[in-house]
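User: I would like a close look at one part of this structure, with enough of the rest to place it. Please keep the wording plain.

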Amino acid sequence: MRTFGFAVGAVFLAISSLEAQSPSAIAIKDAHIVTVSGSDVPRGTVILRDGVIQDVGADAKIPSDAWVIDGAGLTVYPGFIDGLGTWGIPGANATPGGSARTAGAGSGTAPAAAQGRIMGPEDRPQTYASERAADIVNPADSRLEAARAAGFTTSATYPGRGIFTGQGAMINFSGERGREMVVAQPIGQQVAFRVGNGGIGRAFPSSLMGNISYVRQLYLDLGQYQKAKELYAAHTNGAQRPEYDHNLEGLAESPRLLLPADEAQQIERMIHFGKELNVPFVIYGFAHSSVRKP
């Protein structure tokens, strides 16, 4: 049986191939619908309007202005969502399978970006906290075609370089321009530990301990930066205006922090570390599920 996978991005991909102007409504009728959350619909209709699923079911009414796709003999199913990757960013480093789930999570496999001479943590090597995936995502990424063929339509995408890799975005895998792919942003700030060959030689930070202290220091800097701005706002007369720091601004805008861990011991350490930083956090990359309660 042929299958027809859909999500918002996949449907827009089909439409973009047409020379005519894209309709505001789309109807896929008489298809076998896999709902996942409930029973399958042997013969039903899916209605989408302005990129959002409006109705699904055997009795869904097709709008008069809809572009109708004959789904007879096809199966419509929701697309897979990659929870963490670099999809849509051409040239980004990715682990096997196209995901950054374990990139830099203590493995030391991620290459470092070229840096000048680093004197210490105040130079903030490998910090790209202000970089936004939403600004650099591009439908020209050659990996997207393979991902769509495998049933993936959406991803939480991060820029993927440095220790603070930047602000992620939820994207769909279609669109003629990058901004058409963005669903929501920012969704978080990813931390990737760069040690060994993935670090920056003998300069700071090249060890796991150095990476952790680097992350801790940046959040201490953020706390001081925010307090300085608050004091200046309350007493502008005679006070020195705090110097603008785009990396700390990017860190402050991030709704959550993504911390890497591969093994049970690392997971426990990252849980404690996230609590110490006192910010909302998510652990990614782990393979072991047997974690003791702290």
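The part to look at is N247: where is N247 placed, is N247 buried or exposed, and which residues is N247 in contact with, leaving aside its neighbours within four places in sequence?

Analyst: The model is a predicted one, and N247 is taken first, followed by the chain around it and some backbone details.

N247 sits in helix 6, which covers residues 246-253. N247 counts as buried because its relative accessibility is 8%, and the cut-off for buried is under 20%. When neighbours within four places in sequence are set aside, the contacts of N247 are T127, Y128, A129 and S130.

Helix 6 belongs to a chain whose secondary structure comes to 7 helices and 14 strands. The chain has 294 residues, and 43% of them are buried. Of the contacts between residues at least 6 apart in sequence, 64% join residues at least 24 apart. The chain exposes about 15,700 Å², with 51% of that area supplied by carbon and sulfur atoms.

Confidence comes next. The mean pLDDT of the chain is 81, and 77% of the residues reach 70 or more. In two stretches the value stays under 50: residues 1-20 and residues 95-114. The model has 43 contacts beyond four places in sequence for residues 1-20, and 51 such contacts for residues 95-114. Where pLDDT is low, the predicted coordinates should not be read in detail. The contacts listed for these two stretches call for that caution.

Some backbone details remain. Most residues other than glycine have a negative phi, and most peptide bonds are trans. V36 is not a glycine, yet has a positive phi of about 70 degrees. V36 lies in the loop that runs between strand 2 (25-33) and strand 3 (41-49). With a relative accessibility of 65%, V36 counts as exposed, because the cut-off for exposed is over 50%.

N278 is also not a glycine, and its phi is positive at about 60 degrees. The loop holding N278 lies between helix 7 (264-277) and strand 14 (281-284). N278 has 68% relative accessibility and therefore counts as exposed.

The peptide bond between Q185 and P186 is cis, with omega about -10 degrees. P186 is in the loop between strand 11 (182-184) and strand 12 (189-191).

To return to the request: N247 is in helix 6, is buried at 8% relative accessibility, and has contacts that include T127 and S130.

Methods. Residues are numbered from 1 along each chain as its sequence is written. This is a predicted model: local features need pLDDT of at least 70, side-chain atom pairs count only at pLDDT 80 or more; totals for chains, interfaces and linings use all residues. Side-chain values use heavy atoms; hydrogens and water are left out. Helices (H or I, at least four residues) and strands (E, at least two) are DSSP runs, numbered from the N terminus. Buried means under 20% relative accessible area, exposed over 50%, partly exposed in between (1.4 Å probe, protein chains only). Contact means heavy atoms within 4.5 Å. pLDDT is the predictor's confidence in each residue, from 0 to 100. Accessible areas come from the Shrake-Rupley method with a 1.4 Å probe; for residues, only the protein chains shown count as cover.
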